[in-house]
Amino acid sequence: MPPTKRYWDDVKEGQALPEVRVDKLTRTDFVKYAGASGDFNPIHHDQVFAEASGNPTVFAMGMLNASILSRVITGFAGRPGVRSYKVRFATRAWPGDDVICRGTVTRKFEKDGEKLVEGDLVAVNQKGETLISGSFVAALPARA
């Protein structure tokens, strides 16, 4: 989905970014991400291995959740506008979990001739538990 055209002039501090949601993660999602990323750690796709490691089942790669969360920024500012994206992993997402991603603009500023917005991000599961928290900086065009 292409980003909505946004202008720096129209963005307000405290503004919520459009939510991104993935309902019901599946083991197939984990395997598809493994193929795309090259992360074939068996803890993410092998039930026996996951249980032997002390887990009830396989779980999502943290970077899969980070990639879902990144869609909040790219949907808001477009991929070329992203200047930084930082995350901190908090807990695991399991098969059947929803991943609900939100963001908020915390600051508008100008630097090196660019109009920038900074913000906070969070991905939670259907129980409201934080999976990942993070931050971003993105450039937006100014109105002519």
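**Helix α3 and the five-stranded sheet**

Helix α3 comprises 16 residues and spans 23 Å from its first C-alpha to its last, close to the 22 Å expected at 1.5 Å a residue. The model described here is predicted, and the helix in question covers residues 62-77. Immediately after α3 comes G78, a residue whose phi is positive, near 85°.

The buried residues of α3 are L64, N65, A66, I68, L69, V72, I73, F76 and A77. The cover over these buried positions is drawn from several elements, including α1 (27-37) as well as β1, β2, β3, β4 and β5.

The sheet itself is open and has five strands, which follow the order β1-β3-β4-β5-β2 with antiparallel pairing. Because β1 (16-22) and β2 (82-89) each have a single partner strand, they stand at the edges, and one side of each is left without a neighbour in the sheet. From one strand to the next, the twist averages 20°. Helix α3 packs on this sheet and touches β1, β2, β3 (99-111), β4 (114-124) and β5, with the direction of the helix making about 145° with that of β2.

At the β2 edge, the partner is strand β5 (residues 130-139), and the two strands pair in the antiparallel sense over seven bridges. Within this pairing, Y85 stands opposite F136 in β5.

Considered as a whole, the protein contains three helices and five strands, and these elements run β-α-α-α-β-β-β-β from the N terminus on. Read against the order of strands in the sheet, β1-β3-β4-β5-β2, this succession places the three helices between β1 and the remaining strands along the chain. Taken along the principal axes, the C-alpha atoms fill a box of roughly 60 × 30 × 25 Å.

Of the 144 residues in the protein, 38% are buried. Among contacts with a separation of 6 or more, 68% are accounted for by residues 24 or more positions apart. The accessible surface of the protein comes to about 8000 Å², and carbon and sulfur atoms contribute 52% of that area.

Note on methods
Residues are numbered from 1 along each chain as its sequence is written. This is a predicted model: local features need pLDDT of at least 70, side-chain atom pairs count only at pLDDT 80 or more; totals for chains, interfaces and linings use all residues. Side-chain values use heavy atoms; hydrogens and water are left out. Two strands pair if DSSP finds at least two bridges between them. Helices (H or I, at least four residues) and strands (E, at least two) are DSSP runs, numbered from the N terminus. Axes are lines fitted to C-alpha atoms, for helices over the stretch in contact, and angles run from 0 to 180 degrees between N-to-C directions. Contact means heavy atoms within 4.5 Å. The expected span of a helix is 1.5 Å times one less than its number of residues. Buried means under 20% relative accessible area, exposed over 50%, partly exposed in between (1.4 Å probe, protein chains only). Accessible areas come from the Shrake-Rupley method with a 1.4 Å probe; for residues, only the protein chains shown count as cover.
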